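Subject: Structure for you to look at

Hello,

Here is the structure we spoke about, with the notes on its cavities and cores underneath. Please read them with the model open.

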Amino acid sequence: MRIWLADISFALRQLRKAPGFALLAVLTLGLGIGANTAMFTVLENVLLRPLPYAGASRLVAISPVGGSMRGATSWLNYVDIRGGMKNVAEAGGYSDDFAVVQTRDTATSVVAPHLTSNLLTMLGAKPLLGRTFTPQEGLRGGPQVVLLSEGVWRQEFHSDPSIVGKVVHISGEPRTVVGVMPTSFHFPENTGSGIDTAVWLPLQPTSEMLKARGYDFLQILAKLHPGVSLARGQTQLNAASQQIGSLNKNYRGLKFTLMPYSNQVVGNIRPVLIGLSAALLLVLLIACANVANLLLARAIGRQQEFAVRVALGAGRYRLLRQVMTEGAVLSALGCMAGLALAWLAIVGVHRLPPNTIPRMQTIHIRWTVVLALAGIATLTTMLSSLLPALLVSDTDPNATLQASSRGVGTRSARSKLTMWLVSAEIALSTLLLVGTGLLARTMWNLEHAWLGFHTTRVTTYQVTPPNASGFSGMQVVQPGAQAPTSVNTLAYEPVLERLRHTPGFEDAAFTTLLPLGGSNIRTSYQVVGHKVSELNAPEALITAVSSNYGRVMETPMMQGRMIDGDDAADTTPVAVINEALANGEFRGRNPIGQRLDLGGKETGILVPPTIVGVIANERMNGLQSPVAPMIMLPAAQVPTSSLYYEALLNTQVNFVVKTRGNIPVAKEAREVFHQVAPGFALDSFQTMSKVLDHTTFHQRLGLELTASFAGLAILMVVAGLFGVLSQYVGFRKREIGIRLALGASRQDVLRMVFRQSMLMAGYGLLCGLAISLLASRLIRSFLFGVQTFDWMTYAGVLVVLLAVSVAAAVWPARQAVSVDPMATLRMD
Amino acid sequence: MENTQPLIEIEGLTKVFYTDEIETHALSGVHLKIERGEYVAMSGPSGCGKSTLLSIVGLLDTPTAGKYLLNGNEVENLDFSQRSRIRNQEIGFIFQSFNLIGDLTVYENVELPLTYRSGMAASERKRRVQESLERVGMAHRMRHYPSQLSGGQQQRVAVARALAGSPSILLADEPTGNLDSKNGEAVMELLRNLHREGSTICMVTHDPRFAAHADRNIHLFDGKVVSEEELQQQLAAIQV
Ligand SMILES: Nc1ncnc2c1ncn2[C@@H]1O[C@H](COP(=O)(O)OP(=O)(O)OP(=O)(O)O)[C@@H](O)[C@H]1O
Ligand SMILES: [Mg+2]
């Protein structure tokens with residue numbers, strides 16, 4: 001113990017004697033460790049830590065294979081599956097939805113998931129106040145109740161302690177508050193930060209839900225009974241779906257699959273996170289190589305000291321331990337620096353736009369991370385000081401003490417080793433740079449891709465009617481009943497008229513499906529005269545647009561005309577289709593004049609609209625997925641008695657305003673709504689270029705992170721190259737002196753140093769490029785418009801690293817040239 | 001072409017070192033002539049300026065003042081690269097501590113000065129290296145590294161390296177200083193043979209036995225060249 005303390009104090013003294021060395025090593029390690037700790041924190045929270053629900057590992061998501069609306073199915077299917085799986089699991093359901101919370105003077109659009117009444121009990125969720133839903137509240141015509149989130153309770157209801165039992169207005173309906181859920185409750189996961197201010201409503205089946213097996217809106221979540229395997233669950237699920245198929249001829253062949261809910265939550269971020277962790281591990285390895293090199297250089301410089309120690313009787317083990325202690329002290333200091341950096345990084349993670357990473361709100365540094373940090377520190381100690389320690393403990397005192405009389409320099413494995421380490425660093429950073437290059441090219445391609453519309457000077461925002469019914473409340477108005485007046489006539493048309501005359505505004509329109517907005521409302525359709533069976537009916541995105549929509553977005557027409565102001569409720573129903581649908585469905589035949597059957601009596605669109613135009617493809621779901629076929633209807637022609645009215649119009653719609661300059665629109669837009677249509681909730685104001693940024697967010701984040709990792713790596717490589725070359729020159733001062741004495745010119749000496757640098761860079765590059773060729777396949781799915789073997793990227797990386805290796809050699813080369821042959825030779 | 005001019009002609013050479021505001025007059029007015037084919041031994045007490053003079057003769061250093069004609073050319077004011085070139089072609093160095101490069105083989109060490117000459121064919125280099133190694137009797141150790149050789153052997157390789165470029169003059173600063181008497185003897189024998197074959201040699205030595213090998217002895221005292229008698233007088237004066 002004493003000796004151990006002595007070792008530590010000696011190590012600290014050594015470090016203090018060479019503060020530059022210590023600082024460089026600690027910083028390098030700190031950067032590497034910090035970045036890795038931050039990454040591990042994210043990984044741990046997102047991928048490893050179980051979801052905060054009772055029996056979270058047994059929760060499974062059940063979704064139809066090849067289903068239409070993102071894993072959703074219908075109420076009827078849900079009921080059958082629940083029944084069929086009773087022996088192996090308990091099933092519940094939920095639908096993502098939204099609602100407007102009204103208080104005396106505000107209307108706020110909030111996330112409003114509808115939950116089957118058993119779901120919260122199944123999840124083991126405990127309310128902060130009151131209770132969760134009762135079975136009665138999940139029945140058709142049951143009590144109208146609501147569960148508030150802590151956020152809504154605090155913001156909208158001023159933390160009213162007696163809120164439970166009070167009646168509040170949600171989307172125009174009075175509902176009794178039965179409870180408040182704590183902020184730690186985030187169900188459904190992946191809803192983003194909106195979940196912090198959500199309300200939860202009990203799902204009460206409507207007549208439509210009880211009738212239509214094709215009305216897909218519900219996500220099924222099940223909890224397997226203890227001891228039931230996924231495979232057994234799937235078998236039971238197959239049986240249940242077969243049962244559905246055999247009883248309903250239109251659903252023969254219907255299949256469902258089940259996967260752990262955590263997988264669904266984590267979804268496609270997993271490869272991103274794993275890729276980034278791999279990139280970061282490279283950075284850490286580079287850092288370790290650098291520290292190893294620094295330690296090695298010092299070990300060589302202290303060869304004499306070690307030889308003397310051995311001559312005085314120090315054992316191998318003592319020497320080994322001394323160097324290892326120094327490495328451990330450095331690692332420990334590096335960890336402290338790293339922890340500080342990691343903490344900063346996590347603060348940064350929380351500043352990211354909502355929902356960038358699943359479960360982002362809950363990311364914190366936990367004890368497991370500290371444990372991992374200790375692991376990383378041990379790893380770095382081993383990686384960075386084991387090699388120098390082994391070499392040092394191998395000191396042959398006789399050879400070393402006599403070395404001075406045995407010619408200059410030694411053909412040492414040690415100096416070779418430092419060079420190999422730097423080559424390895426260069427190889428690793430080549431990998432990072434190639435990744436950065438490919439992502440940068442991807443980013444450029446994404447930003448310059450044709451979207452089908454122009455984003456310049458277009459601002460969008462969401463508008464929600466006060467009595468929006470949402471997807472969970474859709475109904476066809478029965479024939480004979482009085483159809484209500486359309487919100488389009490009542491509010492949207494007059495609002496648009498006012499907006500178009502607002503100073504600074506050039507034009508305004510709305511659409512129910514915002515390009516790049518990521519929403520995904522589909523319908524099945526049939527071309528009149530081309531009947532196919534119902535299960536095989538083709539699907540297309542469906543949207544209702546106001547007049548001038550094409551003009552605001554500047555989307556060109558390929559054929560025919562765009563929907564305009566003359567398409568009114570009392571004129572012939574028309575539709576515009578996009579190129580994708582025209583090409584897919586009509587294949588060269590002229591679509592103009594054809595009519596689309598959108599469901600007739602079942603959906604309430606009684607007269608099939610006539611196709612009057614083909615519009616260019618607009619990117620709806622980002623740039624990497626192909627453009628889906630789409631049908632556009634004039635908003636004025638959507639009957640209020642149809643399902644489409646509830647699904648498209650009497651719900652959130654997206655306004656788009658073209659301004660004359662880059663001016664904010666929120667104030668004017670709110671003003672107009674306030675006057676024309678009070679009670680409507682307006683939110684999510686953003687420019688279309690922001691929307692575009694959002695869709696390329698993963699690539700950009702990936703690019704920015706890999707770029708900063710690569711930058712870090714380059715810095716470390718420069719430090720590494722610089723260190724090794726300075727050391728190379730330092731050890732060869734005498735040799736250089738002799739060479740100069742023998743008539744070497746300055747250029748000869750310069751060439752010698754640069755050649756050394758180039759050699760290291762060359763080997764590193766060669767290996768790095770070869771590995772990159774193999775590894776770049778791993779990021780193929782993130783690339784857009786660029787091959788994994790992109791010679792421009794590879795050439796760029798080559799140039800950058802060669803430039804780096806030249807730059808790092810400049811100072812050592814100058815040192816070498818300024819060697820005074822007299823002075824070095826005098827040191828006989 | 002017979003050149004009657006002395007190989008080296010030095011007049012009024014001074015060298016002053018300035019360190020920490022202290023002036024050291026290492027050389028103060030040295031006159032020296034060395035003819036072609038001469039074997040000159042230089043001696044004197046420690047610190048009298050022998051090494052300094054040798055390195056100025058070898059163009060490793062520049063004089064503070066004075067004249068230096070090498071082969072009839074003024075060389076005292078040349079720049080670094082010109083001096084490098086002349087050093088490479090005209091001067092062969094032999095150091096007290098051999099100064100072989102540890103990472104290079106014997107062959108590569110000897111080849112070194114030739115690689116700094118532009119336009120010499122590889123075959124010519126090879127021939128010369130071979131030849132000079134044979135002259136010092138080290139051809140059989142061509143592939144060895146300096147650390148695998150004894151001190152005497154290392155010094156013979158250093159001599160071969162000095163010879164390889166066929167310089168006008170060999171400068172040796174205490175070439176036997178790190179050797180035992182037997183190995184020292186062998187190196188001196190080697191130098192005598194080279195002289196017999198026509199080489200010009202200027203050697204610094206403390207050992208009167210080795211100085212006796214030379215055609216001419218130069219005594220340096222306190223930065224000046226002095227005669228034998230003067231030296232004795234000066235030394236006697238110190239002893240008193
Ligand atoms: N670079 C220098 N800076 C300052 N003083 C120097 C320098 N080089 C030599 N001297 C001084 O010049 C004087 C002559 O030194 P020099 O090395 O020529 O002596 P020397 O005759 O070779 O001695 P020795 O027999 O011990 O080798 C000494 O006083 C020495 O201290
Ligand atoms: Mg000397």
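Three elements of chain B, namely α2 (80–90), β6 (91–94) and α5 (151–164), each supply at least two residues of the lining of the largest cavity. Helices (H or I, at least four residues) and strands (E, at least two) are DSSP runs, numbered from the N terminus. β6(B) has the largest share of this lining, three residues. Chain A also takes part, since the lining includes A:Ala741 and A:Leu742. By class, the lining has six nonpolar, three polar and two charged residues, with Gly counted as polar and Pro as nonpolar.

This is a predicted model, in which local features need pLDDT of at least 70 and side-chain atom pairs pLDDT 80 or more, while totals for chains, interfaces and linings use all residues. Residues are numbered from 1 along each chain, chains are lettered from A, and side-chain values use heavy atoms, without hydrogens and water.

The largest nonpolar core (buried nonpolar residues joined through side-chain atoms within 4.5 Å; buried is under 20% relative accessible area with a 1.4 Å probe, protein chains only) has 68 residues. A:Ile426, A:Leu432, A:Leu721 and A:Ile736 have the most contacts inside this core. α21(A) gives the most to this core, 15 residues. Leaving out residues up to four places away in sequence, A:Ile736 touches (heavy atoms within 4.5 Å) A:Val729, A:Val749, A:Met752, A:Ala816 and A:Val819. Another core, of 45 residues, lies apart from the largest one and includes A:Phe505 and A:Leu648.

Regards

Notes
Buried means under 20% relative accessible area, exposed over 50%, partly exposed in between (1.4 Å probe, protein chains only). On a 1 Å grid over the protein atoms alone, a cavity is a set of points where a 1.4 Å probe fits but cannot get out, and a pocket is an open set with protein on both sides within 12 Å along at least five of seven lines; lining residues have an atom within 4 Å of a point.
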